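Let's take a look at the salt bridges in this one. Have the sequence and the model side by side as you read.

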Amino acid sequence: MMKFRWFIVFMLFLACIISYLDRVALSVAAPLIAKEFNLDPAHLGIVFSAFFVGYALFCFVGGYAADRFGARRVLIAAISVWSIFCCLTAVASGLLSLLVIRVIFGAGEGPLATCTNKIISRWFDRKEQTTAVGFANSGLQLGAALAGPVIGLMAVRWGWRIPFVVIGAVGLLWALMWTIFSSDQPEGNRWIRGAGKLPASEKSPGDATEALPNRPLMAYLKSPTILATSLAGFGYAYILYFFLSWFPSYLMMERHLSLSSMSIANMIPWGLGFIGIASGGFISDLIFRWTGNALRARKIVIVGGLLVAAACVALAGVADSVGAAVALMAVTVFFMNLTLSGYWAIILDTVEPGRMGGVGGFVHFLANTAGILAPILTGFLVQWTKVFTSAFILSGGIALAGALAVAFFVRAPRASPGSAGKESAAANALLQN
């Protein structure tokens with residue numbers, strides 16, 4: 001049973017790798033695409049942002065659908081859609097077709113994070129959930145780290161279109177494997193020995209029947225804790241999508257690296273980001289076990305990580321060498337990714353299971369509007385100033401605002417009489433904030 005739980009997490013880890021291979025492919029190939037389609041920085045920023053129009057919307061739609069129809073089914077549909085449209089990127093013929101493909105491609109990727117969080121909540125004990133979320137999400141950064149050399153070398157050898165077809169096909173293969181092996185919860189999974197009713201000692205907290213939620217969705221969405229978590233997630237995502245969309249072009253346009261050199265340099269921060277995500281969940285759960293206070297543990301990691309990331313990304317904008325810029329961005333990406341599991345952990349700690357998809361999707365939606373704004377604002381700032389300095393500093397300022405929001409508005413749950421129903425007690429405390 002325990003081994004199969006981690007197999008499910010490993011499958012989600014692979015899905016995250018694929019999602020970022022797909023997503024970062026355009027950023028790595030952007031100089032070649034911009035040259036072929038005659039796109040200036042402002043137009044390229046719009047192309048980058050198009051992905052997040054569909055992505056941000058379907059973060060919420062996908063989360064709501066996961067509560068209604070099951071995270072497993074939603075995830076199968078999502079990865080199939082995004083993989084098909086990843087392949088279709090290879091037939092784009094200009095700006096308009098790129099925009100349409102990227103919007104639908106983004107819509108397909110939108111439900112991934114919320115579905116991952118919901119599935120883990122039903123397979124793992126509360127004190128292990130953030131560790132599992134961190135491991136699964138570390139695939140995002142590993143995929144991004146691999147994208148530089150993999151996409152870069154394939155593009156140099158075969159042209160920029162071939163990589164999109166290859167990684168899209170890999171996504172479709174994953175969808176087939178997930179259909180065969182996965183389930184929304186341990187009970188009834190046919191690959192677990194003695195499938196059917198599991199012994200009580202083997203059941204995770206999520207195995208309980210998901211009854212109709214006690215609280216309306218809107219009660220969660222307007223709470224200070226959820227709104228502050230969303231703002232912090234926006235700060236994290238703004239740095240992420242500025243870096244994901246524009247750092248490869250920055251290295252080539254402002255630092256004058258070749259495509260192959262850029263691909264290697266771009267891999268370094270993503271590699272540290274992989275370590276950051278994987279360790280962030282473990283550190284958060286460790287602090288939780290030490291202190292016995294879940295939200296305090298999440299706040300320590302989120303506030304500390306965002307403060308360091310904000311300072312380093314701003315300094316990267318005024319670095320006097322390419323080595324210093326890459327090193328500072330590597331530190332930025334490491335510390336911002338320490339915080340990623342914390343946003344999902346706050347939801348796991350404070351939201352009842354029947355609302356987890358909707359609330360998680362809402363937080364993810366608000367955070368990922370940064371994906372619409374960051375590429376466009378960066379494109380116009382570069383077009384206007386001819387350098388990237390102001391874009392780096394703006395990213396740091398937004399991350400700082402997110403850190404302050406969590407520090408002042410995310411509150412620990414108040415003590416609740418009785419021990420029954422930890423999730424309901426936490427939800428009640430959240431709604432009183």
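Start with Lys 118, which is buried at a relative accessible area of 5%. Keep in mind that this is a predicted model. The side chain of Lys 118 pairs up with that of Asp 67 in a salt bridge, 2.8 Å from N to O. This pair ties together distant parts of the chain: Lys 118 sits in helix α5 (residues 112–123) and Asp 67 in helix α2 (residues 41–69), 51 residues apart.

How many salt bridges are there by this rule? The count is five, and the table shows three among them.

| Salt bridge | N to O distance |
|---|---|
| Arg 161 and Glu 36 | 2.7 Å |
| Lys 118 and Asp 67 | 2.8 Å |
| Arg 298 and Asp 285 | 3.3 Å |

Now for the Arg 161 and Glu 36 salt bridge. Arg 161 lies in the loop between α6 (126–158) and α7 (162–181), while Glu 36 belongs to helix α1 (residues 2–37), so the pair links distant parts of the chain, 125 residues apart. Both ends are partly exposed: Arg 161 has a relative accessible area of 26%, and Glu 36 has 42%.

What about Arg 298 and Asp 285, buried or exposed? Both are buried. Their salt bridge connects helix α11 (residues 294–316), home of Arg 298, with helix α10 (residues 259–291), home of Asp 285, and the two residues are 13 residues apart. There's a third player here too: through salt bridges that share partners, Asp 285, Arg 298 and Asp 349 form one network.

Conventions
Residues numbered from 1 in each chain as written. Predicted model: local features only at pLDDT ≥ 70, side-chain atom pairs only at ≥ 80, totals over all residues. Heavy atoms only, no water. Salt bridge = Lys/Arg side-chain N within 4 Å of Asp/Glu carboxyl O. Helix = DSSP H or I, 4+ residues; strand = E, 2+ residues; numbered from the N terminus. Buried < 20%, exposed > 50% of the residue type's maximum accessible area, 1.4 Å probe, protein only.
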